[in-house]
Amino acid sequence: MDSEQRRMLMDRWYAFWRGFWRGVTMPGLVLVWGIALAVIAGMVMIRVRGCYIPVSFGVFDVDGTWVITENGDDEFFRLESEGRAFATMWYGSRGGTAGLWGPTWTRHVEEIGGYPRGSVDMAAARAALFDHMLADGWRLDPLLRTRDINRTGVNWAGHVINAASLFVLCAFVGSARRCFVKTMDRRTRRLLAGECPKCRYAIAGLPTPVCPECGERVE
Ligand SMILES: [Zn+2]
C-alpha cells in the first residue's frame, strides 16, 4: 500500500467518524442525551452499597454434639454453668463498590471468627456454626465453611457504564453546542466552522484575512 492509498483510507476513516459524530450531535437530540444522562446518574446512585453485620454465637461441644446458641441467651448461660467447653464465635459480612462514576471495583469480605473457652476443636466448631447458619436461612458463601473470604474484583459493568456515560456526556455537550450555534447568525456560524461567510470556501490557515475565492474579508 503506498502513502497515497493510505491517506485516502485515513481520510475515509475520518470522514466516517465525522459523519457519525455529526449524526449523534444533531441539535434535535439534545433532549434525548439530557434524559439519558439523568437516567444513568440515577442507576449509579442505586448501586452504592456497603454494610457490616456482626452476629455472635456460643458454639458448645455437648458430649460430642455441637449446640449453637445465641451469645448470651438462656441456653447459653445454662450450658456455660454446666462447665462445658465452647467457642465464642461471630459472623461478619461487609462489602461495597467503588468507582469514579460507575462502580468499577467491588469488595466482598465475609468472615467467621472466634476464640475457644476450654478445649474446643475450632475448625469443627466453625463448620458446625456454618451448617447451623445455612440451615437457618443465612445466605453464605460455601467457601466460608473452611476459610474467610476476602475478595476484590473488577466490575466490568461499571466500566461499561463509565464509557457509556462519557459518550452520552460528550454527545449531550456536542448537541447543546450545535443548538447554541444554530441560534447564531449565518456569518458567525460560518466563521466558527472555518468557512468564508460569503462563499463557504475553507479559510483555515490563510496568511491574510481575505477569502482567496471571493475576496470577502474574513474576520
Ligand atoms: Zn469567499
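**Figure 1. Long-range contacts and overall dimensions of the predicted model.** In this predicted model, residues 24 or more positions apart account for 59% of the contacts that have a separation of 6 or more. The protein holds six helices and six strands, and along the sequence these follow the pattern α-α-β-β-β-α-β-β-α-β-α-α. The radius of gyration is 34 Å, whereas a compact globule of 219 residues would have a value near 17 Å. The C-alpha trace spans about 110 × 45 × 25 Å along its principal axes, and buried residues make up 16% of the 219 residues. The protein is divided into domain 1, covering 20-183, and domain 2, covering 185-219, and the C-alpha centres of these two domains lie 60 Å apart.

**Figure 2. Antiparallel pairing of strands E2, E4 and E5****.** Strand E4, residues 86-98, runs antiparallel to E2 and is joined to it by six bridges; within this pairing, glycine 58 has threonine 88 of E4 as its bridge partner. On the pairing of E4 with strand E5, residues 105-117, there are 13 bridges, and these two strands also run antiparallel. Here glycine 92 stands opposite glutamate 111, a residue of E5.

**Figure 3. The surroundings of glycine 114 in strand E5****.** Glycine 114 belongs to strand E5 and counts as buried because 20 C-beta neighbours lie inside 10 Å, the cut-off for this class being 20 or more. Leaving aside residues up to four places away in sequence, glycine 114 touches Ala87, Thr88, Met89 and Trp90, together with Met122 and Ala125. Tyrosine 91 is 23 residues from glycine 114 in sequence, and the C-alpha atoms of the two are 8.9 Å apart in space.

**Figure 4. The largest nonpolar core, with methionine 89 among its members****.** This core has 15 residues, of which Val59, Ala87, Met89, Ile112, Ala125 and Leu129 touch the most other members. Two or more residues of the core are given by each of E2, E4 and helix H4, the last of these spanning 122-135. When residues up to four places away in sequence are not counted, methionine 89 touches Ser56, Phe57 and Val59, then Ile112, Gly113 and Gly114, and finally Ala125 and Leu129.

**Figure 5. Helix H4 and the strands that cover its buried residues****.** H4 consists of 14 residues and reaches 20 Å from its first C-alpha to its last, which is close to the 20 Å expected at 1.5 Å a residue. The buried residues in this helix include Ala125, Arg126, Ala128, Leu129 and Phe130, and what covers the buried residues of H4 includes E2, E3, E4 and E5. Just after H4, glycine 137 takes a positive phi of about 100°.

**Figure 6. Helix H5 and the position of histidine 159****.** Helix H5 covers residues 156-182 and contains histidine 159. Because a span of 39 Å is expected for the 27 residues of H5 at 1.5 Å a residue, the 39 Å between its end C-alpha atoms agrees with expectation. The buried residues of H5 are Gly158, Ile161, Ala171, Phe172 and Ser175. Histidine 159 is partly exposed, because 14 other C-beta atoms lie within 10 Å, a count between the limits of 12 or fewer for exposed and 20 or more for buried. Histidine 159 and tryptophan 105 are 54 residues apart along the chain, and their C-alpha atoms are separated by 9.2 Å.

**Figure 7. Positive phi at aspartate 63****.** Although aspartate 63 is not a glycine, it has a positive phi of about 50°. Aspartate 63 lies in the loop that runs between strand E2, residues 55-62, and strand E3, residues 65-70. Aspartate 63 counts as exposed because it has 7 C-beta neighbours inside 10 Å, and 12 or fewer is the cut-off for that class.

**Figure 8. Positive phi at arginine 200****.** Arginine 200, likewise not a glycine, has a positive phi of about 65°. Arginine 200 is found in the segment after helix H6, which covers 186-192. With 14 C-beta neighbours inside 10 Å, arginine 200 counts as partly exposed.

Technical notes
Residues numbered from 1 in each chain as written. Predicted model: local features only at pLDDT ≥ 70, side-chain atom pairs only at ≥ 80, totals over all residues. Helix = DSSP H or I, 4+ residues; strand = E, 2+ residues; numbered from the N terminus. Pairing = 2+ DSSP bridges. Contact = placed C-beta atoms within 7 Å. Domains from an automatic or database assignment. Rg over C-alpha atoms; globule rule 2.2 N^0.38 Å. Core = buried A, V, L, I, M, F, W, Y, C linked by C-beta atoms within 7 Å. Expected span 1.5 Å × (residues − 1).
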